[in-house]
Amino acid sequence: MMNDQQDMNKRIFLFFLIVAVLLIGFSVIQSYIFPSNQKQEIKQTQKIEKKEETPKESKTAPSSNEQQKNKIGYSGGTYNLLLGSRRISSDNLKDLIKIDTSYGHIYISKVGARIVSIYVKRYNFDVIGEFSKNNRLFPGEIITTNPETTALLNFSKYNVRKENNHYIFYLKKGNIEVEKEFIINKDLTIDLKVKTEGLNNVGLSIINGVSIKSSGRFGHSGAIIKTDKELIKLDKDIQTEQIIRGNILWAGEENKYFIQLLANKNSFPAVHIIPLGGEHTVVLSEISNNLEGFFFGGPKLYSLLGNIEEKYQKEWGKQLSLKETVDFGIFGILGKPLFIVMHFIYNFVHNWGLTIIILTVLLRILLFPLNHKSLKAMKKMSDLAPEIKKLQKKYKDNPQKLQEEMMKLYAEHGANPMSGCLPIVIQIPIFIALYNVLMVTVELKNVPFLWIPDLSDKDPFYILPILMGLSMIAQQWITPSSDKNQKMIMYIMAGVFTFMFMNFPAGLVLYWLTNNILGILQSFIINKQLGRHDKK
């Protein structure tokens, strides 16, 4: 019959096996479970109305026969996006106004007075994606319920004049007049003022955003809408048109790192989210003859979004809740405060790698009492090993009596066989929360540290995972244990964890490595202290 100590080893091995499976499968769990929760939340929102299904289309613009199907329902008629050859041939994207900024550059086309490029140098990324460029479908377009008027407004060349950081585009055709004023701000926002005349007999809408290329499986990609009551996210693979009515502060498109959004000082009465096939969507908002708002196309930097929130809270008296667009995942209750602490530390050290190390030290201090108690208990278990072997030999034919005597021995000396597992159990939610932070916050994207080019991606040389594995072996070697088999199990798990961590974000491996090194130091101190106590 298997004795109690062997059974304990089996349970410990099973525990770490479960931890390994949990960590390996976490990305799969999040990508399948969390999006489904989002979809369920969307279905429960009563303000969303479904229209008849919009047919699928290829990545390139649809043919003229398909154009008539890309219409959006409206009480005064339908909005026609006029997708196809006519739209593409209207603008070769060469007659552009280039605006150099502190973060990159912006291109606004004279044709249609549309934002056709926002390049962010730090991330080597254009927020206006290839789908927009291929189909000539851009934020800032005015779409009407009259196709010819829509073509006139978006396929005609505007006159342009510049006044400092103000770019004013003007169009006059017959009795129709349109003026778009773009004011380029240093915080990546673009103030947008639209004035129209002669368009009283048609319904008007404006494009808030067009699909942005996804950045991996994590985080949300698709339409995003902020009402005065809630933040609504729709996945990019929706099959039917969605209409959201109410007091809508802003709307747009996002992926996990970047966002396009257009906000209206006087709010939007309705937003249309249209699937265009190939997992692409476009977001339109109904407007009156005039619009005063701002467009933001850029990275979802937490501090930047917070500054924009404060700015418009003062100017408009509205809470736009832009920071909520940063999706910390299912462990957001831990991930968000963890990131805020990291951001606070970064403001002093200005190095994200050093920030992770300092955060690890702070967490280790916070969990010090638990770790200290656990290590002391493990040392006691190690000291009790000879007594346990005596009991196992004495009661080898009476498992029940053996169990009773071992529990009695543990109680007399304040020892706990599972004490070594508790600190690791506490670490798991912190680990997963930090994993989310590294995967969805753009702050750590393309951030180098020592030989690592990007803390949000794996170590290309696998140096950190190897060091982490060696630190686990060293930690187990110095940690007291009452059984050699248990140590062997931990050595095997060190190899398993090394293999697992090879494809984890380098920042996460840095955290675990630092945590192990601190654990080794703590074990060394405790062993030394208890050794002195035993001699006395």
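This passage describes the salt bridges, strand pairing, nonpolar cores and aromatic pairs of a predicted model.

The model contains 15 salt bridges. In one of them, the side chains of R86 and E148 come together with a nitrogen-to-oxygen distance of 3.2 Å. Because R86 belongs to helix α3, which spans residues 85–89, and E148 to helix α5, which spans residues 147–155, this pair ties together parts of the chain that are 62 residues apart in sequence. R86 itself is partly exposed, with a relative accessibility of 38%.

A further salt bridge is formed by the side chains of K110 and D95, for which the N to O distance is 3.7 Å. K110 is located in the loop between β5 (104–109) and β6 (114–120), whereas D95 is located in the loop between α3 and β4 (96–100), so that this salt bridge ties together parts that are 15 residues apart in sequence. Both ends of the pair fall into the partly exposed class, since K110 has a relative accessibility of 22% and D95 has one of 24%.

The side chains of K98 and D100 also meet in a salt bridge, with 3.8 Å from N to O. Here the two partners are classed in separate ways, as K98 is partly exposed at a relative accessible area of 45%, while D100 is exposed at 59%. In addition, R87, D91, R114 and E141 are joined into one network by salt bridges that share partners.

Several of the elements named above recur in the description of the strands. Strands β4, β5, β6 and β7 make up an open sheet of 4 strands, arranged in the order β4-β5-β6-β7 and paired in the antiparallel sense. The edges of this sheet are formed by β4 and by β7 (125–126), each of which pairs on one side only. In general, the strands of a sheet pair through backbone hydrogen bonds, in either a parallel or an antiparallel manner. Between β4 and β5, the antiparallel pairing extends over 5 bridges. D100, whose side chain takes part in the salt bridge with K98, has H105 in β5 as its bridge partner.

Strand β17, which covers residues 258–275, includes I274, and N266 lies in this strand as well. The two residues contrast in their accessibility, because I274 is buried with a relative accessible area of 2%, whereas N266 is exposed with a relative accessible area of 63%. For I274, a separation of 64 residues in sequence from V210 corresponds to a C-alpha to C-alpha distance of 9.8 Å in space. For N266, the C-alpha atom lies 8.2 Å from that of G293, and these two residues are 27 residues apart in sequence.

The buried nonpolar residues were then considered. The largest nonpolar core comprises 115 residues, and I225 and W250 are the residues with the most contacts inside it. Helix α12, formed by residues 422–440, provides the largest share of this core, with 11 residues. A second core, separate from the largest one, has 12 residues, among them F131, L137, I274 and L284. Residue I274 of strand β17 is therefore a buried residue, at 2% relative accessible area, and a member of this second core.

Aromatic rings form 19 pairs in the model. A pair of aromatic rings is described by the distance between the centres and by the angle between the planes. For F125 and F258, the ring centres are 4.1 Å apart and the planes are at 10°, which is under the limit of 30 degrees, so this pair counts as stacked. With F125 in strand β7 and F258 in strand β17, the pair ties together parts that are 133 residues apart in sequence. Both of these phenylalanine residues, F125 and F258, are buried.

Y346 and W352 likewise form a stacked aromatic pair, with 4.3 Å from centre to centre and 10° between the planes. Within this pair, Y346 is partly exposed, with a relative accessible area of 23%, whereas W352 is buried, with a relative accessibility of 4%. Finally, one aromatic cluster is made up of Y435, F497, F501, F504, Y511 and W512.

Technical notes: Residues numbered from 1 in each chain as written. Predicted model: local features only at pLDDT ≥ 70, side-chain atom pairs only at ≥ 80, totals over all residues. Heavy atoms only, no water. Salt bridge = Lys/Arg side-chain N within 4 Å of Asp/Glu carboxyl O. Helix = DSSP H or I, 4+ residues; strand = E, 2+ residues; numbered from the N terminus. Buried < 20%, exposed > 50% of the residue type's maximum accessible area, 1.4 Å probe, protein only. Pairing = 2+ DSSP bridges. Core = buried A, V, L, I, M, F, W, Y, C linked by side-chain atoms within 4.5 Å. Phe/Tyr/Trp six-rings, centres within 6.5 Å; stacked < 30°, edge-to-face > 60°.
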